[in-house]
Amino acid sequence: GLYAGFAAAHANPLVVGLNIVGPENGIVAMRDYALHMRMIHFLKQRFPDVKLALHAGELVLGMVPPEGLRDHIRLAVELAGAQRIGHGIDVGHESRPDSLLNEMRRRDVAVEINLTSNQFILGVQGAAHPILLYRKYGVPFVISTDDEGVSRSDISNEYLLYVSRYQPSYDELKRIVYNSIRYSFLSPADKARQRQRLDQRFAQFEARAAALRKMGR
């Protein structure tokens with residue numbers, strides 16, 4: 001299965017990357033997580049062009065024994081070589097979390113922040129969410145929905161939660177929006193086109209906001 005995924009992503013431009021799915025607290029996932037990361041590492045050496053976005057750290061205390069929270073993110077980043085991490089909730093429980101966070105920043109590994117999903121599935125929200133750690137350590141992140149069909153959410157609601165809960169400056173919010181393109185698995189040409197479209201949309205929005213502010217004086 002993993003080989004087929006790598007081969008497909010390597011051969012077909014419509015397959016932009018690879019991930020593996022399933023409950024991270026499942027028996028097989030917990031027992032064989034390190035093995036799975038070694039398998040991905042092995043195949044990544046043979047298909048270095050294949051992009052990786054791996055779920056890692058979608059765990060909290062009580063779901064698994066404490067030792068089960070200590071290395072999934074590190075293994076996904078340092079062994080498997082993931083360019084994106086899904087969730088990353090248990091980063092504070094990893095062994096030497098400060099060094100891991102610094103390494104994620106150095107490698108420019110983006111974290112997919114799924115606020116509705118993390119609240120619904122894990123009960124993690126507000127100040128308990130590691131988004132605050134990622135911000136503090138300068139680890140890049142993107143706002144995403146996880147599975148819209150499960151969470152019954154959309155990207156607009158996720159940004160609303162991000163803004164209302166964590167009150168970023170406008171510049172930070174704008175940077176996070178651009179991160180969705182920067183850390184996507186689009187081709188360089190597609191990224192350039194999407195950045196140009198986003199530049200135009202921000203320019204239009206900011207012009208309308210400036211006009212409204214002027215009218216309100």
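1. **D154 and its charged neighbours.** D154 is partly exposed, because its relative accessibility is 37%, a value that falls between the 20% limit for buried and the 50% limit for exposed. The model is a predicted one. D154 sits in the loop that joins α7 (148-151) to α8 (155-166). Which residues form a negative surface patch with D154? They are D146, D147 and E148.

2. **An aromatic pair inside α8.** Seven aromatic pairs are found in the structure. One of them is Y162 with Y166, a tilted pair with 6.5 Å centre to centre and 40 degrees between the planes. The term "tilted" applies because stacked planes must be under 30 degrees apart and edge-to-face planes over 60. Both tyrosines belong to helix α8. Four residues separate Y162 from Y166, about one turn of the helix.

3. **Cover on that pair.** Are Y162 and Y166 buried or exposed? Y162 is buried, at a relative accessible area of 0%. Y166 also counts as buried, at 8% relative accessibility.

4. **A stacked pair between helices.** Y170 and F205 make a stacked aromatic pair. The centres are 6.4 Å apart and the planes differ by 25 degrees. Y170 is in helix α9 (residues 170-182) and F205 is in helix α10 (residues 188-216), so this contact ties together parts 35 residues apart in sequence. Y170 counts as partly exposed, at 35% relative accessibility. F205 is partly exposed as well, at 40%.

5. **The ring cluster.** Which residues do ring pairs link into a cluster with Y170 and F205? The other members are Y178 and F202.

6. **S169.** The loop between α8 and α9 holds S169. S169 counts as partly exposed because its relative accessibility is 42%, between the 20% and 50% limits. S169 and L54 are 115 residues apart in sequence. In space, 29 Å separates the two, C-alpha to C-alpha.

7. **A salt bridge between strands.** The count of salt bridges comes to nine. Among them, the side chains of E112 and R84 meet at 2.8 Å, N to O. E112 is in strand β3 (residues 110-113) and R84 is in strand β2 (residues 84-87). The pair links distant parts of the chain, 28 residues apart. How much relative accessible area does E112 have? The value is 14%, and E112 is buried. R84 is buried too, with 14%.

8. **A salt bridge within α4.** E103 and R107 form a salt bridge through their side chains, at 2.7 Å, N to O. Both lie in helix α4 (residues 97-107). They are four residues apart, about one turn of the helix. E103 is buried, at a relative accessible area of 15%, whereas R107 counts as partly exposed, at 36% relative accessibility. A network of salt bridges links E103, R106 and R107.

9. **A salt bridge from α9 to a loop.** Which parts of the chain does the pair of R182 and D108 tie together? R182 lies in helix α9 and D108 in the loop between α4 and β3, so the pair joins parts that are 74 residues apart in sequence. The side chains meet in a salt bridge at 3.2 Å, N to O. R182 counts as partly exposed, with 48% relative accessibility. D108 is also partly exposed, with 32%.

10. **H87, a positive phi in a strand.** Phi of H87 is near 85 degrees. That is a positive value, and H87 is a residue other than glycine. H87 is part of strand β2. Why does H87 count as buried? H87 has a relative accessible area of 1%, and buried means under 20%.

11. **R96, a positive phi in a loop.** R96 has a positive phi as well, near 50 degrees, and is likewise a residue other than glycine. R96 lies in the loop between β2 and α4. R96 is exposed, because its relative accessible area is 53% and exposed means over 50%.

Conventions. Residues numbered from 1 in each chain as written. Predicted model: local features only at pLDDT ≥ 70, side-chain atom pairs only at ≥ 80, totals over all residues. Heavy atoms only, no water. Patch = residues over 30% accessible without salt bridge, like charges linked within 9 Å, V, L, I, M, F, W, Y side chains within 5 Å. Areas by Shrake-Rupley, 256 points an atom, 1.4 Å probe, with all protein chains shown as cover. Salt bridge = Lys/Arg side-chain N within 4 Å of Asp/Glu carboxyl O. Lys, Arg positive; Asp, Glu negative; His and termini not counted. Charge placed at Lys NZ, Arg CZ, Asp CG, Glu CD. Helix = DSSP H or I, 4+ residues; strand = E, 2+ residues; numbered from the N terminus. Buried < 20%, exposed > 50% of the residue type's maximum accessible area, 1.4 Å probe, protein only. Phe/Tyr/Trp six-rings, centres within 6.5 Å; stacked < 30°, edge-to-face > 60°.
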